[in-house]
Amino acid sequence: MALMMLATAAAMICGRGTPEGAPVHTDLPIGHVVLEGAVALQTVQVDWSIALPVTAAAVTGGLVGGWLAGRVRADRLRTAFGWFVFAMGGLVLVQQAPPALFHTGWGLAALPVVAVAAIAYLIACRRSRDLRLNPT
């Protein structure tokens with residue numbers, strides 16, 4: 001799972017970006033989503049003490065996100081989220097590492113070296129992509 005998160009983060013950070021004039025998708029299948037949600041609620045037992053706060057947070061996040069959508073460029077948002085996913089993937093990877101790794105000097109030394117190498121690669125990849133998209 002952690003490796004998939006890191007690969008996804010790399011794709012978001014180093015991705016091709018959105019070319020100028022790309023079509024914007026505005027058709028949202030809201031009716032379909034609401035219908036599927038209603039059917040799902042009829043077939044499962046819901047713990048409302050968890051579901052209501054999560055739903056409130058999701059609605060709040062959606063409203064704030066909608067408000068911010070016109071104020072933040074999509075490629076910058078994608079890149080920022082990519083760095084967030086990269087950090088979370090690294091945290092999950094460290095949590096999944098065998099405990100014996102942290103009891104050796106080589107294991108402890110390898111962690112920052114690998115992290116710095118990965119960050120340097122992502123920064124270089126991002127700069128290369130920016131140069132391809134904006135040649136000067």
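The expected span of a helix is taken as 1.5 Å times one less than its number of residues. In this predicted model, helix 1 covers residues 2-14, and because its 13 residues should span 18 Å at 1.5 Å a residue, the 18 Å found between its end C-alpha atoms agrees with that expectation. The protein chain as a whole has five helices and zero strands, and, read along the sequence, it follows the pattern α-α-α-α-α.

The helices can be examined in turn by their span and by their buried residues. Of the 136 residues in the protein chain, buried residues make up 17%. In helix 1, the buried residues are Ala-2, Met-5, Leu-6, Ala-9, Met-12, Ile-13 and Cys-14. Helix 2, which runs over residues 30-43, has 14 residues that should span 20 Å at 1.5 Å a residue, and its end C-alpha atoms are indeed 20 Å apart, so the two values agree. Helix 2 is nevertheless hardly covered, since the count of buried residues among its 14 residues is zero. Helix 4 has 23 residues and reaches 32 Å from its first C-alpha to its last, which is close to the 33 Å expected at 1.5 Å a residue. The buried residues of helix 4 are Asp-75, Thr-79, Gly-82, Val-85, Phe-86, Gly-89 and Val-92.

Attention then turns to the surface, where Val-64, Trp-67, Leu-68, Val-72 and Leu-77 make a nonpolar patch of about 460 Å². Helix 3, formed by residues 48-69, gives the most to this nonpolar patch, with three residues. Leu-68, one of the residues of the patch, has its place in helix 3. Because its relative accessibility is 33%, Leu-68 counts as partly exposed, a class that lies between the buried residues, under 20% relative accessible area, and the exposed ones, over 50%.

Empty space in the model was also examined. Rolling a probe the size of a water molecule over the atoms shows where such space is left. The second largest pocket has a volume of about 380 Å³ and is lined by 18 residues, of which Leu-6, Gly-90, Leu-93, Val-114 and Ala-115 lie nearest its centre. The elements that give two or more residues to this lining are helix 1, helix 4 (74-96) and helix 5 (105-133). Helix 5 provides the largest share of the lining of the second largest pocket, with nine residues. Leu-6, which is among the residues nearest the centre of this pocket, is also one of the buried residues of helix 1.

Key: Residues numbered from 1 in each chain as written. Predicted model: local features only at pLDDT ≥ 70, side-chain atom pairs only at ≥ 80, totals over all residues. Heavy atoms only, no water. Patch = residues over 30% accessible without salt bridge, like charges linked within 9 Å, V, L, I, M, F, W, Y side chains within 5 Å. Areas by Shrake-Rupley, 256 points an atom, 1.4 Å probe, with all protein chains shown as cover. Salt bridge = Lys/Arg side-chain N within 4 Å of Asp/Glu carboxyl O. Helix = DSSP H or I, 4+ residues; strand = E, 2+ residues; numbered from the N terminus. Buried < 20%, exposed > 50% of the residue type's maximum accessible area, 1.4 Å probe, protein only. 1 Å grid on protein atoms, 1.4 Å probe; cavity = no way out; pocket = protein on both sides within 12 Å on 5 of 7 lines; lining within 4 Å. Points joined across faces, edges and corners; volume = space filled by probe spheres on them.
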